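These are my notes from a session of looking things up in one structure, entry by entry. I began with the strands and then moved on to the helix, the cores, the charged pairs and the backbone.

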Amino acid sequence: MMRPPHENVATVLVDPRVLEDLELELMELDLRVWPVATAPISADGPRQAFQVRRTLLMRQRGAWDLAAGWTPVWISFGESWYDGAEPLPWTAHQTLWRALEAHGAHVRYQRRLGGVPPLQVPLEATG
């Protein structure tokens with residue numbers, strides 16, 4: 001049985017006060033921030049965001065309670081990190097973890113990747 005197509009992502013809770021700055025910083029590293037509530041793969045984004053946030057908070061048994069109102073996001077890797085069908089290189093993981101560590105007071109995450117259906121970057125209309 002073949003696994004359906006997926007995209008590697010980190011699931012992160014981000015303090016909304018720094019979300020925009022973090023997104024811009026990660027864009028420079030070809031890392032994409034997708035708020036779960038508005039991600040194109042979320043059929044009911046607000047509900048899914050609530051569920052993702054709740055799951056992350058419950059797993060930490062109170063250690064992340066300060067993040068109860070933070071924004072759950074998926075962080076994916078841009079095309080520059082991939083080499084055809086080869087697995088994602090460790091340098092991609094390291095780059096992501098270092099960037100998140102620099103914002104340690106404003107993010108909560110576990111150092112592992114999950115898979116979600118492919119996230120497509122919207123194309124800009126030309127003409």
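Entry 1, strand pairing. I looked up the partners of β1 in this predicted model, and I found that β1 and β5 run antiparallel and are joined by three bridges, with Val9 standing opposite Gly114 of β5. Between β1 and β3 the pairing is again antiparallel, and I noted six bridges there; Leu13 has Pro72 of β3 as its bridge partner. With β4, too, β1 runs antiparallel, over three bridges, and in this pairing Val14 stands opposite Val107. I then checked how far β1 is covered, and six of its eight residues turned out to be buried, so I wrote the strand down as mostly covered.

Entry 2, helix α3. I compared the length of α3 with what its residue count predicts: at 1.5 Å a residue, its 12 residues should span 16 Å, and the end C-alpha atoms are 16 Å apart, which agrees. Which residues of α3 are buried? I listed Ala92, His93, Thr95, Leu96, Trp97, Ala99 and Leu100, and I recorded that the buried residues of this helix pack against β1, α1, β2, β3 and β4. As a reminder to myself, residues three or four places apart in an α-helix point the same way, because there are 3.6 residues a turn.

Entry 3, nonpolar cores. The largest nonpolar core has 21 residues, and I noted that Val12, Val14, Ile75, Leu96 and Leu100 touch the most other members. At least two residues of this core come from each of β1, α1, β2, β3, α3 and β4, and α3 gives the most, with five residues. I followed Leu100 one step further: leaving aside neighbours within four places in sequence, Leu100 is in contact with Val12, Leu22, Ile75, Val107 and Tyr109. Another core lies apart from the one just described and has 15 residues, among them Leu13, Ala39, Val52 and Ala67.

Entry 4, aromatic rings. How many aromatic pairs does a search of the whole structure find? It finds one, formed by Trp97 and Tyr109, whose rings are stacked at 5.8 Å centre to centre with 0° between the planes. Trp97 lies in helix α3 and Tyr109 in strand β4, so the pair ties together parts that are 12 residues apart in sequence. I checked the accessibility of both partners, and Trp97 and Tyr109 are buried.

Entry 5, salt bridges. I counted four salt bridges in the structure, and I wrote out several of them. Glu101 pairs with Arg111, the closest N and O atoms being 2.8 Å apart. Why does this pair tie together parts that are 10 residues apart in sequence? Glu101 lies in helix α3 (residues 90-101), whereas Arg111 lies in the loop between β4 (107-109) and β5 (114-116), so the contact joins the helix to that loop. Glu101 is partly exposed, at a relative accessible area of 44%, while Arg111 counts as exposed, at 52% relative accessibility, because the cut-off for that class is over 50%. The side chains of Asp44 and Arg47 also meet in a salt bridge, at 3.2 Å from N to O; here Asp44 is partly exposed at 39%, and Arg47 counts as exposed at 53%.

Entry 6, Asp30 and the positive phi values. A further salt bridge joins the side chains of Arg32 and Asp30, at 4.0 Å from N to O, and Arg32 is partly exposed with a relative accessible area of 24%. Asp30 is found in the loop between α1 (19-28) and β2 (31-35), and I flagged its backbone, since Asp30 has a positive phi of about 60° although it is not a glycine. Arg61 likewise has a positive phi, near 50°, in a residue other than glycine. Arg61 has its place in the loop between α2 (45-59) and β3 (71-77), and at 79% relative accessibility it counts as exposed.

Entry 7, the loop before α3. I looked up Ala85, which lies in the loop between β3 and α3 and counts as exposed at 84% relative accessibility. Ala85 and Leu96 are 11 residues apart in sequence, and I noted 20 Å between their C-alpha atoms.

Terms used
Residues are numbered from 1 along each chain as its sequence is written. This is a predicted model: local features need pLDDT of at least 70, side-chain atom pairs count only at pLDDT 80 or more; totals for chains, interfaces and linings use all residues. Side-chain values use heavy atoms; hydrogens and water are left out. Buried means under 20% relative accessible area, exposed over 50%, partly exposed in between (1.4 Å probe, protein chains only). Helices (H or I, at least four residues) and strands (E, at least two) are DSSP runs, numbered from the N terminus. Rings of Phe, Tyr and Trp (its six-membered ring) pair if their centres lie within 6.5 Å; planes under 30 degrees apart count as stacked, over 60 as edge-to-face and the rest as tilted. A nonpolar core is a set of buried Ala, Val, Leu, Ile, Met, Phe, Trp, Tyr and Cys residues joined through side-chain atoms within 4.5 Å. Contact means heavy atoms within 4.5 Å. The expected span of a helix is 1.5 Å times one less than its number of residues. Two strands pair if DSSP finds at least two bridges between them.
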